[in-house]
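Work through the exercises below with the sequence and the model at hand. Each task is followed by a solution in steps.

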Amino acid sequence: MANKRFIFNWHRNEKYSNPIIRENMVEAETPSAATSVFMRTFGNLKLNTINFIQEVDKEGNPVGEQIKPD
């Protein structure tokens with residue numbers, strides 16, 4: 001099964017300053033597998049907030065709708 005590309009729009013949970021919004025691309029088979037890769041790389045979800053996850057094609061065009069955590 002081919003890997004899909006997911007863009008994570010996220011920021012670090014900071015107490016005293018405005019967060020810097022970041023975007024990183026992760027390749028995985030499913031959104032949950034991509035989230036696992038994200039957490040291994042940038043830390044757990046207590047340290048970071050994911051604003052949304054967007055699947056993209058090879059050219060970087062969005063596929064489907066954004067996945068927003070509850």
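Contact here means heavy atoms within 4.5 Å. The model is predicted.

**Exercise 1. Determine which residues Thr35 touches, leaving out those up to four places away in sequence, and decide whether Thr35 is buried or exposed.**

Step 1. Locate the residue: Thr35 sits in helix α1.

Step 2. List its contacts beyond four places in sequence: these are Phe8, Ile50 and Ile53.

Step 3. Apply the cut-off for burial, which is under 20% relative accessible area. Thr35 has a relative accessible area of 17%, so Thr35 is buried.

**Exercise 2. Identify the members of the largest nonpolar core and the elements that give two or more residues to this core.**

Step 1. Collect the members: the largest nonpolar core consists of nine residues, namely Phe6, Phe8, Trp10, Val26, Ala28, Ala34, Phe38, Ile50 and Ile53.

Step 2. Assign them to elements: β1 (4–12), β2 (22–28), α1 and β3 each give two or more residues to this core. The most come from β1, with three residues.

Step 3. Follow one member, Phe38. Leaving out residues up to four places away in sequence, Phe38 touches Phe8, Trp10, Gly43, Leu45, Asn48 and Ile50.

**Exercise 3. Place Asn44 in the chain, classify its exposure and find what its side chain reaches.**

Step 1. Asn44 belongs to the loop that runs between α1 (31–42) and β3 (48–56).

Step 2. Partly exposed covers the range between under 20% and over 50% relative accessible area. The relative accessibility of Asn44 is 39%, so Asn44 counts as partly exposed.

Step 3. The Asn44 side chain reaches the backbone nitrogen of Lys46 at 3.1 Å.

Step 4. For a separation along the chain, take Ser32: Asn44 and Ser32 are 12 residues apart in sequence, and their C-alpha atoms are 14 Å apart in space.

**Exercise 4. Describe the overall fold of the protein chain and judge why the chain counts as being as compact as a globular protein of its length.**

Step 1. Count the elements: the protein chain has one helix and four strands. In sequence order the pattern is β-β-α-β-β.

Step 2. Compare the radius of gyration with the globule rule. The radius is 12 Å and the rule gives 11 Å for 70 residues; the two are close, so the chain is as compact as a globular protein of that length.

Step 3. Add the extent: the C-alpha trace spans about 40 × 20 × 20 Å along its principal axes.

Step 4. Add the burial: 26% of the 70 residues count as buried.

Conventions. Residues numbered from 1 in each chain as written. Predicted model: local features only at pLDDT ≥ 70, side-chain atom pairs only at ≥ 80, totals over all residues. Heavy atoms only, no water. Buried < 20%, exposed > 50% of the residue type's maximum accessible area, 1.4 Å probe, protein only. Polar contact = N/O pair within 3.5 Å; in protein donor to acceptor, adjacent residues only side chain to side chain. Core = buried A, V, L, I, M, F, W, Y, C linked by side-chain atoms within 4.5 Å. Rg over C-alpha atoms; globule rule 2.2 N^0.38 Å.
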